[in-house]
Amino acid sequence: PYVTSLRLPLSPQALREAGLAERLKAVKGVTDAVVVTEESAIYIKLDTELLDRATLEQLVNPAPTCEA
């Protein structure tokens, strides 16, 4: 598999999420994920044949939802 590394910024909400790295590691195509709180970022290794960056970014920092 072709694996590449990414560093994605994390929103304050994503930083507070317990188990974010473990949740991402369960996604097909993610081979490793490490949250670095001091940098407000997550480092991810992924197989680009199985997962694209846009999908990954939605998983890491989902769009805010409007609640009525």
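**Figure 1. Ala-33 and Ile-44 sit across from each other in a strand pair.** Here's a good spot to start: Ala-33 has Ile-44, in E3, as its bridge partner. A little further along, Val-35 stands opposite Ile-42, again in E3. Keep in mind that this is a predicted model. E2 and E3 run antiparallel and are joined by six bridges. Together the two strands make a hairpin, with four residues between them. Look in the turn for Ser-40, which has a positive phi of about 50 degrees.

**Figure 2. E1 joins E3 as well.** This pair also deserves a view of its own. Seven bridges hold E1 to E3, and the two strands run antiparallel. To find your way along them, pick out Val-3, which stands opposite Asp-47 of E3. Ser-5 is another handy marker, with Lys-45 in E3 as its bridge partner.

**Figure 3. Three strands make up an open sheet.** Step back a bit and the order reads E1-E3-E2, with antiparallel pairing. E1 and E2 are the edge strands, each pairing on one side only. From one strand to the next, the twist averages 15 degrees. What about E3? Five of its seven residues are buried, so this strand is largely enclosed by the rest of the structure. Helix H3 lies across E1, E2 and E3, and runs at about 40 degrees to E1.

**Figure 4. Leu-24 belongs to a nonpolar core.** The largest nonpolar core counts 15 residues. Those with the most contacts inside it are Leu-24, Ile-42, Ile-44, Leu-56 and Val-60. Which elements give two or more residues to this core? They are strands E1 (3-9), E2 (30-36) and E3 (41-47), along with helices H2 (20-25) and H3 (53-60). Zoom in on Leu-24 and set aside its neighbours within four places in sequence: Leu-24 then touches Val-30, Ala-33, Ile-42, Ile-44, Leu-56, Leu-59 and Val-60.

**Figure 5. Glu-39 reaches Arg-7 through a salt bridge.** Side chains of opposite charge can pair when their charged atoms come close. In this view, the closest N and O atoms of Glu-39 and Arg-7 are 3.4 Å apart. Glu-39 lies in the loop between E2 and E3, while Arg-7 is in strand E1, so the pair ties together parts that are 32 residues apart in sequence. Glu-39 counts as partly exposed, at 38% relative accessibility. Arg-7 also counts as partly exposed, at 39%.

**Figure 6. Two further salt bridges are Glu-17 with Arg-23 and Lys-25 with Asp-32.** The structure holds four salt bridges, and this close-up picks out a couple of them. Between Glu-17 and Arg-23, the closest N and O atoms are 2.8 Å apart. Between Lys-25 and Asp-32, the N to O distance is 4.0 Å. Are these residues buried or partly exposed? Glu-17 is partly exposed at 32% relative accessibility, and so is Arg-23 at 34%. Lys-25 counts as partly exposed at 39%, as does Asp-32 at 30%.

**Figure 7. The protein chain seen as a whole.** To put the close-ups in place, note that the chain has three helices and three strands. Along the sequence they follow the pattern β-α-α-β-β-α. Of the 68 residues, 28% are buried. The accessible surface comes to about 4,700 Å², and carbon and sulfur atoms account for 55% of it.

Notes. Residues are numbered from 1 along each chain as its sequence is written. This is a predicted model: local features need pLDDT of at least 70, side-chain atom pairs count only at pLDDT 80 or more; totals for chains, interfaces and linings use all residues. Side-chain values use heavy atoms; hydrogens and water are left out. Buried means under 20% relative accessible area, exposed over 50%, partly exposed in between (1.4 Å probe, protein chains only). Accessible areas come from the Shrake-Rupley method with a 1.4 Å probe; for residues, only the protein chains shown count as cover. A nonpolar core is a set of buried Ala, Val, Leu, Ile, Met, Phe, Trp, Tyr and Cys residues joined through side-chain atoms within 4.5 Å. Contact means heavy atoms within 4.5 Å. Two strands pair if DSSP finds at least two bridges between them. Axes are lines fitted to C-alpha atoms, for helices over the stretch in contact, and angles run from 0 to 180 degrees between N-to-C directions. A salt bridge is a side-chain nitrogen of Lys or Arg within 4 Å of a carboxyl oxygen of Asp or Glu.
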